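Visitor: I have a structure to look at, and I would like to learn how to read it. Could you walk me through it feature by feature?

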Protein chains: 2
Amino acid sequence: MRFETSTIKDIAKALGLSTSTVSRALRDRYEISEETKKLVLAYAEKVNYRANPIARSLKERRSYSIGIIVSEIANNFFSQVINGIESIAYDKDYHVIIAQSHESYKQEKLNVEHLASRSIDGLLIALSSETQDIDYLRQLYAKGLPIVFFDRVPGDFETHKVIANNFKGSFDATEHLILSGKRTIAHLTNSENLSITKERLAGYQAALAKYHIEFRPELVKYCQHGGMHSAELEQAVKELLPLKPDGIFIASDRLTTGCIMALKKTNPEVAHQIAIAGFTNSNLVELFSPSLTSVKQPAFEMGQVATELLISMIEAKRPVTEFETKVLDTELVRMAKR
Amino acid sequence: MRFETSTIKDIAKALGLSTSTVSRALRDRYEISEETKKLVLAYAEKVNYRANPIARSLKERRSYSIGIIVSEIANNFFSQVINGIESIAYDKDYHVIIAQSHESYKQEKLNVEHLASRSIDGLLIALSSETQDIDYLRQLYAKGLPIVFFDRVPGDFETHKVIANNFKGSFDATEHLILSGKRTIAHLTNSENLSITKERLAGYQAALAKYHIEFRPELVKYCQHGGMHSAELEQAVKELLPLKPDGIFIASDRLTTGCIMALKKTNPEVAHQIAIAGFTNSNLVELFSPSLTSVKQPAFEMGQVATELLISMIEAKRPVTEFETKVLDTELVRMAKR
DNA sequence: AACGTTTTTGGGAACGTTTGCACACTTTTT
DNA sequence: AAAAAGTGTGCAAACGTTCCCAAAAACGTT
């Protein structure tokens, strides 16, 4: 089963022109006379000519596509980021190829390499919670693949990055819990090697410090798999509850929903006693019970900004050497009344 | 900024062979001696040779990629379907390009045509709730683009289709409401022109009939935009409530969550009095309040089955003329106790 | 020793574009 | 009137593959 579509050659033959003339006419080059252009354009329209992007890619040595790696598209935060990415990419005539790491380093690497072999022109990536070794990315980068990190960014990699103001977001959420009278505030967070984990922890600590509440390390629980396994969360909850927290600040989308589920499942009676604040971009948060205060990241905008940066790298004539890290503000959405 | 990678030509030159020999050796053809194969393979490994998929696509006139159109990846149902699709596609060495219609006919058409011009080998599509005219799909299909529909399928299009057992799913959900004592059961559903709308309505009606409950058309509300606009839902809720329903059966994911939100927002006091049953694949359903009984579609499996069918079409030597419509069973997840 | 077979290799066209260069024809400048 | 400049077009190579066809090498048979 195969398409047959008309090519530049067909048009050239039909019109008694050369392929070069047709090609130039279609791309509206100045060398071609208005007359010829009109002729070609009209005929192309008539036969519904579509340039073959594959041939073009081969010739121009680029694919007009950018790769995206996120842990899960089912995660509202990431799907919003992707929407932001698409909004810019389609505008600039790129298309996007999305792949999921499912928080696995192996999957992430496999996907990136698959995309790279597919000749993507650039890569947008949020690291998986497992990822520690990013040498494979360095290699691709050294070979000339533009990369922009967002959300979960590595510290030691010189390129553009786009992140939320994790410190402030965490500070605000924690402060909110404190101001509503909580004093024993636990912190449930992602794997320690993620950038966001460190920043969010710092925000949490700063808020405690501001109100002279002692920081107790045992109130902080790290989840290696970012909440992909419910067992991990139930374990964390089990370890936390004996410390009698009256509030809990949770550092990521998946963990937030997962934690509430674990709480409801294992200790339904206390689920409603503990005040919860957490990062989440779920658009269903109004439906949750217990309800919670959420820190929303500007996901759509993050996708847009990252894509603009990436495309600027892709289209730069000379290698880019000045990099920026854009920091976008989060929004605190206070808990709905019960 | 450009990659430089080694090509078959480079290998041929380095080894003093011809490109044809190298090409054949790499693809492990029988004509090439073991010795040469080893030589080539070893060298290819050494220089980390990766075949250029673009060149291959151009030569073979196919791209090894399949297009996916869904209304929204943020919708859990669709993201699960996509996971199913990927699981099969990657296995068979295809990659996938995802595009979103956001329930808009215009977007859908634009995306499909964009994908088609990108030389996808086949298309997997769930129609947008706005879509009525699928001539553009017919044209592509006639030109040789294999298409498989899933979830929202058109009636009059001869190709493979994969759907859930919408009738039975709806019947079960409605019956569940009846068995828990409800008698005035409203039905909130999608745009009338969707296949799923008709099937789900029929299931609802059949359940009513079985228990000799009169079908009242005024209890059925159609949402043209599939719940993409909250105003639409609030309007529907507003019209429904005066009829004093004691139960409501909702026919799609987005509508289910949207309806509960509208209910909570406009009439919080009655939100908990009405029993709710609805289609949804949200994995957060346990957190919802009010809680609900949900009809879960076998989304992952649906993606897998659709992909297998599509790839079989793509790889068929002769045009396929025998088509099947696979129907997969849904699962009723009863409401958690309050 | 001459011939046929079989196995292994190479030459070169093709896929559909883009683009540097050359060419022919006009028009302007000197 | 010749030279220079400008305009519009075509030729052909290139991008990295695959594959048809032919050629060369190796072997066996008479």
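Visitor: How many nonpolar, polar and charged residues does the surface near DNA strand D have?

Guide: For the classes, Ala, Val, Leu, Ile, Met, Phe, Trp, Tyr, Cys and Pro count as nonpolar, Asp, Glu, Lys and Arg as charged, and the others, Gly among them, as polar. Here the surface near DNA strand D has twelve charged, ten polar and seven nonpolar residues. This is a predicted model: local features need pLDDT of at least 70, side-chain atom pairs count only at pLDDT 80 or more, and totals for chains, interfaces and linings use all residues. Residues are numbered from 1 along each chain as its sequence is written, chains are lettered from A and ligands numbered from 1 in the order in which they are written, and side-chain values use heavy atoms, leaving out hydrogens and water.

Visitor: Which residues are the closest to DNA strand D?

Guide: A residue is near a strand if one of its heavy atoms lies within 4 Å of it. DNA strand D is surrounded by 29 residues, and the closest are S20(A), T21(A), R24(A), K59(A) and S23(B). Of the atoms of DNA strand D that come within 4 Å of the protein, 65% belong to sugar and phosphate.

Visitor: What do the side chains of T21(A), R24(A) and K59(A) reach on that strand?

Guide: Look for polar contacts, pairs of N or O atoms within 3.5 Å (within protein, one must be able to donate a hydrogen and the other to accept it, and residues adjacent in sequence count only if both atoms are side-chain atoms). An N or O atom in the side chain of T21(A) is 2.6 Å from a phosphate oxygen of DNA strand D. For R24(A), the partner is a base oxygen at 2.7 Å, and for K59(A) a base nitrogen at 2.7 Å. The elements giving two or more residues to this surface are α2 (19-26) and α4 (53-60) of chain A, together with α1 (8-15), α2 (19-26) and α4 (53-60) of chain B. Such elements are DSSP runs numbered from the N terminus: helices (H or I, at least four residues) and strands (E, at least two). The largest share, four residues, comes from α4(B).

Visitor: And which residues are the closest to DNA strand C?

Guide: They are S23(A), R29(A), T21(B), R24(B) and T36(B), among 30 residues that surround DNA strand C. Sugar and phosphate make up 64% of the atoms of DNA strand C within 4 Å of the protein. A polar side-chain atom of R24(B) lies 2.7 Å from a base oxygen of this strand, while one of K59(B) lies 2.9 Å from a base nitrogen. The side chain of T36(B) has an N or O atom 2.6 Å from a phosphate oxygen. By class, this surface divides into seven nonpolar, eleven polar and twelve charged residues.

Visitor: In what order do the strands of the open sheet in chain B run?

Guide: Two strands pair if DSSP finds at least two bridges between them. In chain B, six strands form the open sheet in the order β7-β6-β8-β9-β10-β12, with mixed pairing. Its edge strands, β7 (220-223) and β12 (331-333), each pair on one side only. Within this chain, β8 (residues 247-250) and β9 (residues 275-279) pair in the parallel sense over four bridges, and I248(B) stands opposite I276(B).

Visitor: How are β6 and β7 of chain A paired?

Guide: Strand β6 (residues 185-190) and strand β7 (residues 220-223) of chain A pair in the parallel sense, over four bridges. There, H187(A) has V220(A) as its bridge partner.
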